[in-house]
Amino acid sequence: MKKLTVLIGLFVVLSLGSGLYAQTTPDESLFREAKLLVYDKSWAAALIKLDDLREKFPNSSYAGQSLFYKGECLSGLGGRERDALRAYKDYIRLADAKPSLVEESEGSIIDLAFGLYENGDVPAIGDIERRLGHDNKVVRYYAAYKLSLVRDKKLAAKAAPVLMRIVETEKDPELLDRARIALLRVSPESLKSVEDRKPAPGSPRMLKIRVWNKGQKEPAFSLNIPWALADLALGAMDEDDRAELRKKGYDLNKIVNELAKSKESILKIVGDDGSVIEIWIE
Amino acid sequence: MAEHLEKCPDCRAEADEMRRALEKTEAVKAEIRQAVASVNWEALPATVADRAFAASRKPERALPAARPWGGLSALRMKPALAGLAAGLVVGAATMYFALKAPGLRPGQDTGYYASGEFLDRAELTMARRNTLDYLEKSQYVLLDVFESAGEGAAGPAAFNSEQARDLLSRKKYLNAQLERFQMAKAKAVCDQIEMLFLELAQISDELPAAELGRIRYFVEERQLLLKINLVKKELQSEI
């Protein structure tokens, strides 16, 4: 019985294998095996297969692509970021590099450079800065987004022109929101100038929120953000403040809609603990 | 004294002179009483001040050419006036800076600002929404691929590799957020989908049936669609 089970199992594996790997060359098989290991994040095993492929079949059409996946493995392994960076850079220099993989490699270079910079390798940030002027806007935008996250505010502010361009020209709401938040981090005044330039007849421009704790003259929480981020801002409000509003029977979405209609009217909510929340639109 | 004044002409003349002087004093007293009665004591300070200012302005008007510092000489001459003016300047400056300070009065501050903590929370909210959106779109793309594989069809009509490239570019942004906000489960599923899209994005012309079958097998074997649904449910409950 045991033997029969093993035989059936073997038959299933072979039929699957023959179906999936029909008419495949040894280099292709090796490449697919490596990729399956990459899917499973078995980085070390995948790396061995990829090196094997390049060694045994240096002229294979898969040898070039294997550089990209080598970058993925080295990046996933941890501690070998510089090697990974080199693998990706080698791949994008190839004449037959595929555009989608080049775009991915550029993104990975930006991520790796960011990580190296955060860990003290200051010159690594140059790889991101140089990509702010990249021909491919996907790469350019991602470089600006990542640069906006660095702790050095002066350095992060270099991303502002590209981020402003995104806010000015892009239509994708996800990309727009990211660019707006990134600009709020690095250069709120740049965001203000871009938003003010956009024609918005009759529609609100800014959402303002203040929260005062009892007996305090200065607000404990202040927020002035573009109206376009209002929905996100209310979603991100402190849970205690949201609970206070809920307790009083206020629906945040309704509040914003009502305020948008009335324009510049102020909603003032006084909490049981004496705290005051004010929300208004300009 | 009356007997003596009758006998002494000198003393009589002196006494006459004194009497006349006293009579005149009485007359002056009456005038003073009359003048005092006519004074409006409540309005007097304002009248005095008006006259004082009028007196100080007159010489300036008489100057042949206006000097910007002309008023200062007047202040130098009148310490009380200078003090009053200085008080006005200090008060005005205080009001200006108090009103200029941001974030304190509704409607007075026009710039954007948000704390780093708030922006982090906003990014977390955005990460949840965008991951949910990414998973939903990925599901549609994968189901498209499966339908194509089921029909035995292959080609550009069956699958648009542009969609895969678009999702790949979105995933880059998600990576940073998923790691930062420790959304491990969502990241694991998104990573697996990413590898599939990497494959699909490379196919520009035709997607051979064998490739479609291979991808379908992979998705089914890893129960990727089930995992996508589970993570979606989790994210929906958090939003």
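**Exercise 1. Identify the residues that line the largest cavity, and classify them.**

Step 1. The lining consists of A:Ile181, A:Leu184, A:Ile225, A:Leu229, A:Leu232, A:Ala233, B:Phe118, B:Leu119 and B:Ala122. On a 1 Å grid over the protein atoms alone, a cavity is a set of points where a 1.4 Å probe fits but cannot get out, and lining residues have an atom within 4 Å of a point.

Step 2. The model is predicted: local features require pLDDT of at least 70 and side-chain atom pairs pLDDT 80 or more, whereas totals for chains, interfaces and linings use all residues. Residues are numbered from 1 along each chain as its sequence is written, chains are lettered from A and ligands numbered from 1 in the order in which they are written, and side-chain values use heavy atoms, with hydrogens and water left out.

Step 3. The space in the largest cavity is about 40 Å³, a volume being the space filled by probe spheres set on grid points that are joined across faces, edges and corners.

Step 4. At least two lining residues each come from α11 and α13 (230-235) of chain A and from α6 of chain B; α6(B) gives the most, with three. Helices (H or I, at least four residues) and strands (E, at least two) are DSSP runs, numbered from the N terminus.

Step 5. By class, the lining has nine nonpolar, no polar and no charged residues. Ala, Val, Leu, Ile, Met, Phe, Trp, Tyr, Cys and Pro count as nonpolar, Asp, Glu, Lys and Arg as charged, and the others, Gly among them, as polar.

**Exercise 2. Describe the second largest cavity by its volume and lining.**

Step 1. About 30 Å³ of space lies in this cavity, and the whole structure has two cavities of 30 Å³ or more.

Step 2. Its lining is formed by A:Tyr141, A:Tyr145, A:Leu163, A:Ile166, A:Leu175, A:Arg178, A:Ala179 and B:Tyr173.

Step 3. The helices α8, α10 (160-169) and α11 of chain A each supply at least two of these residues, and α11(A) gives the most, with three.

Step 4. The lining divides into seven nonpolar, no polar and one charged.

**Exercise 3. Characterise the largest pocket.**

Step 1. The volume of the largest pocket is about 910 Å³. A pocket is an open set of grid points with protein on both sides within 12 Å along at least five of seven lines.

Step 2. The pocket is lined by 35 residues, of which A:Ser75, A:Asp111, B:Asn175, B:Glu179 and B:Lys187 are the closest to its centre.

Step 3. Helices of both chains that supply at least two lining residues each include α4 (62-77) of chain A and α7 (161-180) of chain B. The most come from α6(A), with eight residues.

Step 4. The lining divides into 11 nonpolar, eight polar and 16 charged residues.

**Exercise 4. Analyse the salt bridges of A:Arg32, A:Arg86 and A:Arg185.**

Step 1. Over all chains, 42 salt bridges are found, each being a side-chain nitrogen of Lys or Arg within 4 Å of a carboxyl oxygen of Asp or Glu.

Step 2. A:Arg32 pairs with A:Glu28, the closest N and O atoms being 3.1 Å apart. Both residues lie in helix α2 of chain A, four residues apart, and both are buried (under 20% relative accessible area, with exposed over 50% and partly exposed in between; 1.4 Å probe, protein chains only).

Step 3. A:Arg86 pairs with A:Asp83 at 3.0 Å between the closest N and O atoms. The two are separated by about one helical turn because they are three residues apart in helix α5 (residues 81-92) of chain A. A:Arg86 is partly exposed at 47% relative accessible area, and A:Asp83 is partly exposed at 26%.

Step 4. A:Arg185 pairs with B:Asp120, again with closest N and O atoms 3.0 Å apart. This pair crosses between chains, from helix α11 (residues 173-186) of chain A to helix α6 (residues 116-151) of chain B. A:Arg185 is buried at 17%, whereas B:Asp120 is partly exposed at 28%.

Step 5. Salt bridges that share partners join A:Asp172, A:Glu174, A:Arg178, B:Asp133, B:Lys137, B:Asp166 and B:Arg170 into one network.

**Exercise 5. Determine how the buried residues of α14(A) are arranged.**

Step 1. In helix α14 (residues 239-247) of chain A, the residues A:Asp241, A:Glu244 and A:Leu245 are buried.

Step 2. Viewed down the axis of α14(A), the buried residues fall within an arc of 95 degrees, so they line one face of the helix. The arc is that of the directions from the helix axis to the C-beta atoms.

Step 3. The face turned away from the buried side carries the exposed residues A:Asp240 and A:Lys247.
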